[in-house]
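Colleague: Could you take me through one part of this model up close? I'd like to see how a single helix sits among its neighbours.

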Amino acid sequence: MLVKELSKKYNPAARTSNGLERGYLYGKPLVVIMYQFLRVGEAVELRVKDIDFDKDKIHVRRQYDEQHKLIVPPKWGSRRDIPIASVCRDILENACDGKQPNELVFSSGALNSDMIEHGGHILRGGLRRVINVACEHAGLEKHTIHDLRHDGISWIVRRGAHPQSVQKWAGHKSLSVTLDRYFRHTTEDNPEDMALMTGTDN
């Protein structure tokens, strides 16, 4: 539900008293953060040259340090390649269309002239406002931006991805971080796991 809400096209002309019908200028970067397990600084610093559509890979090489207004290596030096999630491919293709290799995939846009000092990077405050409004409009419990990373990791692990692969894609120092801190455990029994235990998958 949240992804569907965040994917609504931004339409500044559709103004309402609470702003909820306008869509989301920064909704698509949040969807990419979720399904590609990116840190915020990594997502806002993605350049067109970092997206390899031929090999279906995102090259994570840098992140934006908003506090110091610097471009720095990813946390823990976690330079890595992440397969492009199918749900993100159209978003990334549209965001890259017509741009030069060194341009930002997601930039703050002309509406935010105060972002010039940040090199056009989207700031956390803008992303936080978007996710707060999206959760409210979708009738969902409040999410933080970082919650999206947890959600994406949990989603792909439950679909059967090897935790070691997810650890690498997320840029975690250890597997325990991925499974103990990021994976959201559920009290429900997974039907596929039940079938493995009971032998009813034959």
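Modeller: Sure, and keep in mind that this is a predicted model. Let's start with Ile33: leaving out residues up to four places away in sequence, Ile33 touches Leu38, Val40, Ala43, Ile145, Leu148 and Arg149. Ile33 sits in helix H2, and its relative accessible area is just 1%, so it counts as buried, the cut-off being under 20%. Val44 lies 11 residues away from Ile33 in sequence, with 9.4 Å between their C-alpha atoms.

Now zoom out to the largest nonpolar core, which has 48 residues. Leu30, Ile51, Leu92, Val105, Phe106 and Leu127 have the most contacts inside that core. Several elements give two or more residues to this core, among them helix H2 (27-36), strand E2 (57-60) and helix H4 (86-96). H2 supplies the largest share, 6 residues.

Next, look at how H2 packs against H4. Their axes come within 10 Å and cross at roughly 145 degrees, and the crossing is left-handed. On the H2 side you'll find Lys28, Val31, Val32, Tyr35 and Gln36, which meet Val87, Cys88, Ile91 and Leu92 of H4. Sorted by type, the residues of this contact are 7 nonpolar, 1 polar and 1 charged.

Finally, click on Phe106. Apart from neighbours within four places in sequence, Phe106 is in contact with residues including Lys28, Val32, Ile91 and Leu92. Those four also belong to the H2 and H4 contact. Phe106 also contacts Ala43 and Val44, as well as Pro29, Ala95, Lys99 and Ile122.

Conventions: Residues numbered from 1 in each chain as written. Predicted model: local features only at pLDDT ≥ 70, side-chain atom pairs only at ≥ 80, totals over all residues. Heavy atoms only, no water. Core = buried A, V, L, I, M, F, W, Y, C linked by side-chain atoms within 4.5 Å. Buried < 20%, exposed > 50% of the residue type's maximum accessible area, 1.4 Å probe, protein only. Contact = heavy atoms within 4.5 Å. Axes fitted to C-alpha atoms, helices over the stretch in contact; angles between N-to-C directions. Left-handed = near helix turned anticlockwise from the far one by under 90°. Nonpolar A, V, L, I, M, F, W, Y, C, P; charged D, E, K, R; others polar.
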